[in-house]
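Please work through the exercises below with the model open beside you, and try each task before you read its solution.

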Amino acid sequence: MSHNSVRPWRNIDRRISRRIMVGNVPVGGDAPISVQTMTNTVTTDVAATVDQVQRCAEAGADIVRISVPDEASAKALKEIVRESPVPIVADIHFHYKRGIEAAEAGAACLRINPGNIGSPERVREVIAAARDHGCSMRIGVNGGSLERHLLEKYGEPCPDAMVESALDHIRILEDNDFHDFKISVKASDVFLSAAAYMGLAEVTDKPIHLGITEAGGLTSGTIKSAIGLGQLLWMGIGDTIRVSLSADPVEEIKVGYEILKSLGLRHRGVNIISCPSCARQGFDVIRTVETLERRLEHIKTPMSLSIIGCVVNGPGEALMTDVGFTGGGAGSGMVYLAGKASHKMNNDQMIDHIVEEVEKKAALLDAAQPQTEAAE
């Protein structure tokens, strides 16, 4: 995020972290905060898994994680990786051979806890496979599966226990001279997770993967994730995120991007600014916004659209958006372009017209992008 000298209260100073690569996606350093999700198909159903990965990538996923619980899944992973448009993280638990097989299958990253996969020799074998195949790792500490000795020491899952677990796993990798990894300390409790991440950020410069694990359904999980991830991102903590929802993984990507967009950390697609509607509205705001969200999903260009039901706040909001529509009277409203009142439009034609205006603006912005990059 660029420094804003005019509105310093909008600045987010990101924590300084090491940079690693997950396939062709940089994580950490000054790289954009990447958005991840995880498939919920059976991994051995290659067609269904590939289809879900592709839908997630189309929605904006930078990275997709896939569970590899058995040998058959590891074999399927090779074909999935070959068909995937984005880097694949292999989710590994306990069995070290799955980690080796996933690295050999082309996984870009292994999600693993080195302390949970056996003897030091087995850990070294997995690290060797990762190194040989250009595979990074993620240490995934979870409040629901902390080591027994830490639970005995602290009495319950707590921030200190989670950070200590993370440091123990970090030490194992570093003792084997492996440094291409990121780390997470997730919990389903927002307070526990946030406190653990803040503690972790103080004691390591490793890239941090953010998440509130097992957050819940689409509505409740979105709210918990927005609270937990939002405050951490606002503090500058986090290099890659995953919103965990009991929902279609595509929804996780949408929510993740909306969280980042609201903080000015990533920009993708149309940011719709709309009112909740009231008796003053000159048109059906709720139905209009629902329709426009669906009709404008294909737009990837970062831009803004205001849809306001009346003239109380409408003109002011439209001043700061690329395209705007403000409700008026007599069945029509005002269309704003680049912050200025442009022309009136009948309510019954406004949705198609707004879609056309947004598409035209997106085309202009896309055309200007190479010139802007050349100038920089």
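## Exercise 1: The mixed sheet

Task: State how many strands this open sheet has, in which order they lie, and which of them stand at its edges.

Solution: In this predicted model, the open sheet has 5 strands, which follow one another in the order β11-β12-β13-β14-β15, and their pairing is mixed. The next step is to look for strands with a single partner: these are β11 (270-274) and β15 (340-346), which stand at the edges, so one side of each is left without a neighbour in the sheet. Neighbouring strands of this sheet are, on average, turned by 20 degrees against each other when direction is ignored.

## Exercise 2: Pairs within the mixed sheet

Task: Describe how strand β14 pairs with β13 and with β15, and find the helix that lies across β11 and β12.

Solution: Begin with the general point that strands of a sheet pair through backbone hydrogen bonds, either parallel or antiparallel. Strand β13 (residues 323-327) runs antiparallel to strand β14 (residues 332-337), and 5 bridges connect the two; Thr326 has Met334 in β14 as its bridge partner. On to the pairing of β14 with β15, which is also antiparallel and has 6 bridges, with Ser332 bridged to Asn346 in β15. These two strands, β14 and β15, make a hairpin with 2 residues between them, and Ala338 in the turn has a positive phi of about 55 degrees. Finally, the helix to find is α10 (residues 285-295), which lies across β11 and β12 (303-308) and runs at about 160 degrees to β12.

## Exercise 3: The parallel sheet

Task: Give the order of the strands in the open sheet with parallel pairing, name its edge strands, and examine the pair β3 and β4.

Solution: This open sheet is formed by 8 strands in the order β8-β7-β6-β5-β4-β3-β10-β9, and the pairing is parallel. Its edge strands are β8 (181-186) and β9 (209-210), each of which pairs on one side only. Within the sheet, strand β3 (residues 34-38) and strand β4 (residues 63-67) run parallel and are joined by 3 bridges, and Thr37 is found opposite Val64 in β4.

## Exercise 4: Helix α1 and its two partners

Task: Compare the angles at which helix α1 meets α2 and α9, and list the residues in each contact.

Solution: Two packed helices are described by the angle between their axes and the distance between the axes. For helix α1 (residues 46-59) and helix α2 (residues 71-83), the axes come within 10 Å and cross at roughly 35 degrees, in a right-handed crossing. Here Val46, Thr49, Val50 and Gln54 of α1 meet Ala76, Glu79, Ile80 and Glu83 of α2, and by class this contact has 4 nonpolar, 2 polar and 2 charged residues.

For α1 and helix α9 (residues 249-262), the axes come within 9 Å and cross at roughly 20 degrees. Because angles under 35 degrees count as roughly parallel, α1 is roughly parallel to α9, and the crossing of this pair is right-handed. On the α1 side the contact is made by Gln52, Arg55, Cys56 and Ala59, and on the α9 side by Pro249, Val250, Ile253 and Tyr257; these residues divide into 6 nonpolar, 1 polar and 1 charged.

## Exercise 5: Helices α6 and α7

Task: Decide whether α6 is parallel or oblique to α7, and say which classes of residue form their contact.

Solution: Helix α6 (residues 159-175) packs against helix α7 (residues 190-203) at an angle of about 45 degrees, and their axes are 8 Å apart. That angle makes α6 oblique to α7, and the crossing is right-handed. From α6 the contact takes Pro159, Met162, Val163, Ala166 and Leu167, and from α7 it takes Leu192, Ala195, Ala196, Gly199, Leu200 and Val203. By class, these residues are 10 nonpolar and 1 polar, with no charged residue.

## Exercise 6: The domains

Task: State where the two domains lie along the chain and how many Å separate their centres.

Solution: The protein chain is divided into domain 1 (14-263) and domain 2 (270-368), and their centres, taken over C-alpha atoms, are separated by 38 Å.

How values were computed:
Residues are numbered from 1 along each chain as its sequence is written. This is a predicted model: local features need pLDDT of at least 70, side-chain atom pairs count only at pLDDT 80 or more; totals for chains, interfaces and linings use all residues. Side-chain values use heavy atoms; hydrogens and water are left out. Axes are lines fitted to C-alpha atoms, for helices over the stretch in contact, and angles run from 0 to 180 degrees between N-to-C directions. Helices (H or I, at least four residues) and strands (E, at least two) are DSSP runs, numbered from the N terminus. A crossing is left-handed if the near helix is turned anticlockwise from the far one by less than a right angle, and right-handed if clockwise. Contact means heavy atoms within 4.5 Å. Ala, Val, Leu, Ile, Met, Phe, Trp, Tyr, Cys and Pro count as nonpolar, Asp, Glu, Lys and Arg as charged, and the others, Gly among them, as polar. Domain bounds come from an automatic or database domain assignment. Angles under 35 degrees count as roughly parallel, over 145 as roughly antiparallel, 65 to 115 as roughly perpendicular and the rest as oblique. Two strands pair if DSSP finds at least two bridges between them.
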